[in-house]
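Visitor: Could you take me through the aromatic contacts here and explain what each label rests on?

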Amino acid sequence: MRKILDIAKKELSSYFRTPIAYIVLIVAAIVFNMFFFIIVDNSQEASLRDVFKVMEFLFVFIVPILTMKVFAEEKATGTMEFLMTTPTTNNQIVLGKYLGSLAFFGLMVAPTGVYYLILEIFSSPDRATILTGYLGILIEGAFFISVGIMCSSWSKNQIVSAILSYSILFMLYFSLSFIKYFSGIAEQIIRYTNIMSHSENFLVGLITVSDLIYFISGILFCLVITRVSIDKRI
Amino acid sequence: MILADNITKYFGAFKAVDSVSFEIGRGEIVGFLGRNGAGKTTLMRMLTGYLPTSEGKVIIDGKDMSKNPLSIKRNIGYLPENPPLYSNMTVKDYLKFAARLKDITPKQILACVDRVIEECRLEDSRGKIISTLSKGYKQRVGIAQAIINEPEIIILDEPTSGLDPVQISHIRDLIGTLEHKRTVIVSTHILSEIEQIAKRVMIIKDGRIVKDDSLENILCSDNRKDIFIKVAGKEELIEKAIRQADGFKQINIDIVQDDVYLVQAENKNNILNYNDLLQKLVDNGAKVLEIKQKKGSLEEEFLRINRLKL
């Protein structure tokens with residue numbers, strides 16, 4: 001466990017050694033704040049449901065930028081060879097990197113806790129819905145990150161890994177827009193694999209086993225594929 | 001200590017390393033020589049456990065790399081061809097990270113970092129960001145991470161590539177200090193460097209080891225038993241003496257000054273015996289001023305094996 005945390009710590013600190021992390025954090029904070037005030041002002045609702053929808057939409061675009069370097073950079077600079085010739089297992093490497101990216105994602109979401117405090121001060125929000133909304137956002141983000149890390153393990157080129165992440169996330173996020181062109185089992189598959197079909201329940205205060213299985217199995221699947229591609233030195 | 005048992009590596013249909021076997025004992029310094037693409041790096045990567053073998057086994061201290069990778073890797077320090085550095089980290093932070101990954105206990109980490117910083121002469125760079133360092137310093141940081149856990153086996157892939165002569169000399173000295181204490185495998189294109197560092201040389205060609213011998217034997221191999229004799233006397237009598245001498249054949253004769261000649265002769269026998277040659281020269285009224293055996297160079301042997309002309 002110590003090594004997983006060492007790698008996670010190094011991964012998290014590596015974000016802050018480039019301007020990208022600061023830009024992402026600032027842009028995310030500005031956009032979230034802007035939408036929070038617009039949504040609350042227009043709807044007059046003491047709810048964060050629409051803010052969460054904006055957040056998940058933005059994460060589809062932000063996460064591939066965050067994760068594109070995770071393995072691609074290590075491969076391009078040769079540090080992957082260093083990691084893999086130390087007495088560290090490939091599972092520790094994958095989990096450490098995943099946790100590091102997840103921690104950065106947490107830092108991006110954490111400031112939005114202020115929105116809840118604002119609602120709590122000026123109104124009586126539905127605490128349970130906000131809590132499940134945050135759980136939904138975090139588990140969805142964790143899934144996005146696992147997809148991004150998996151794609152990063154497939155290429156030495158960060159741009160290629162970002163494009164692969166965008167392709168998969170767009171497919172999973174926007175697939176319902178094309179559902180009318182499909183029928184039968186294809187339609188069912190698209191409905192089940194669509195992210196929004198599973199994130200919506202969290203936003204309205206529901207935690208279902210089916211949604212949890214979808215995200216957790218998705219995360220595990222991506223991490224296992226990442227591990228396999230590291231094993232195969234792809 | 002290190003046993004490569006018939007190891008082979010395929011990349012798709014391409015055989016990068018072909019049925020290589022050797023044994024390296026504790027404390028040996030071994031040089032891997034080969035042209036680009038000969039298979040040196042692939043071989044080193046299999047020895048470090050970075051690449052699995054397609055066939056055969058890598059056994060370190062009696063343990064099979066495929067079955068005990070972690071315990072074996074604890075005893076190996078590896079510097080890949082391009083130093084594996086996190087360019088945005090400081091030297092100290094990078095070495096601390098390397099120490100943690102190499103199972104050094106938290107209490108010992110700082111002491112180990114200080115030790116390698118001193119050994120690799122990185123004192124004035126410890127707080128610097130790695131990307132700001134010169135190539136030579138980056139190479140030193142790479143070596144520092146390889147030796148931070150005092151591994152028994154150190155594998156260095158082109159440790160001096162791109163360095164200036166002073167930096168090369170320092171890294172050579174550093175490797176020299178490891179002799180007898182550690183088993184070191186070094187690969188390089190710089191043949192003169194191997195001559196100065198290694199005691200044993202393996203020449204690799206097309207994924208196979210085509211020569212594995214001590215440096216001394218390679219330099220004194222049979223095909224380089226030419227001798228040079230500086231001799232005073234009459235040219236025709238000198239030539240006659242060499243013709244009469246058992247086992248020698250004259251190759252060339254140059255005049256150095258009046259009645260002084262430099263003769264190059266080839267020794268046709270396996271055992272060098274100058275007595276008969278000297279006797280014949282004396283019998284023919286010549287005076288031997290100097291006699292020396294031509295010393296072969298690793299470069300000649302390397303080029304001969306790779307069928308290139310000097």
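The exchange below concerns aromatic pairs and charges over rings in a predicted model.

Visitor: Why is the pair of A:Phe57 and A:Tyr173 called tilted?

Guide: The structure holds 26 aromatic pairs over all chains. In the pair of A:Phe57 and A:Tyr173, the centres are 6.3 Å apart and the planes stand at 50 degrees; the limit for pairing is 6.5 Å, and planes that are neither under 30 nor over 60 degrees apart count as tilted, so the label follows.

Visitor: What makes this a link between distant parts of the chain?

Guide: A:Phe57 belongs to helix H3 (residues 49-67) of chain A and A:Tyr173 to helix H9 (residues 158-174) of chain A, with their positions 116 residues apart.

Visitor: Why is A:Tyr173 called buried?

Guide: The relative accessibility of A:Tyr173 is 5%, and buried means under 20%, so the term applies. A:Phe57, with a relative accessible area of 36%, is partly exposed, because its value falls between 20% and 50%.

Visitor: What makes the pair of A:Tyr173 and A:Phe174 edge-to-face?

Guide: The planes of A:Tyr173 and A:Phe174 are 85 degrees apart, with 5.0 Å centre to centre; an angle over 60 degrees counts as edge-to-face, so this pair qualifies. Both residues belong to one aromatic cluster, whose members also include A:Phe61 and A:Tyr166.

Visitor: How do you know that the charged end of B:Arg140 sits over the ring of B:Tyr137?

Guide: The charged end of B:Arg140 is 4.4 Å from the ring centre of B:Tyr137 and is assigned as sitting over that ring; the distance limit is 6 Å, so this value satisfies that part of the criterion.

Technical notes. Residues numbered from 1 in each chain as written. Chains lettered and ligands numbered in written order. Predicted model: local features only at pLDDT ≥ 70, side-chain atom pairs only at ≥ 80, totals over all residues. Heavy atoms only, no water. Phe/Tyr/Trp six-rings, centres within 6.5 Å; stacked < 30°, edge-to-face > 60°. Helix = DSSP H or I, 4+ residues; strand = E, 2+ residues; numbered from the N terminus. Buried < 20%, exposed > 50% of the residue type's maximum accessible area, 1.4 Å probe, protein only. Lys NZ or Arg CZ within 6 Å of the ring centre and 35° of its normal.
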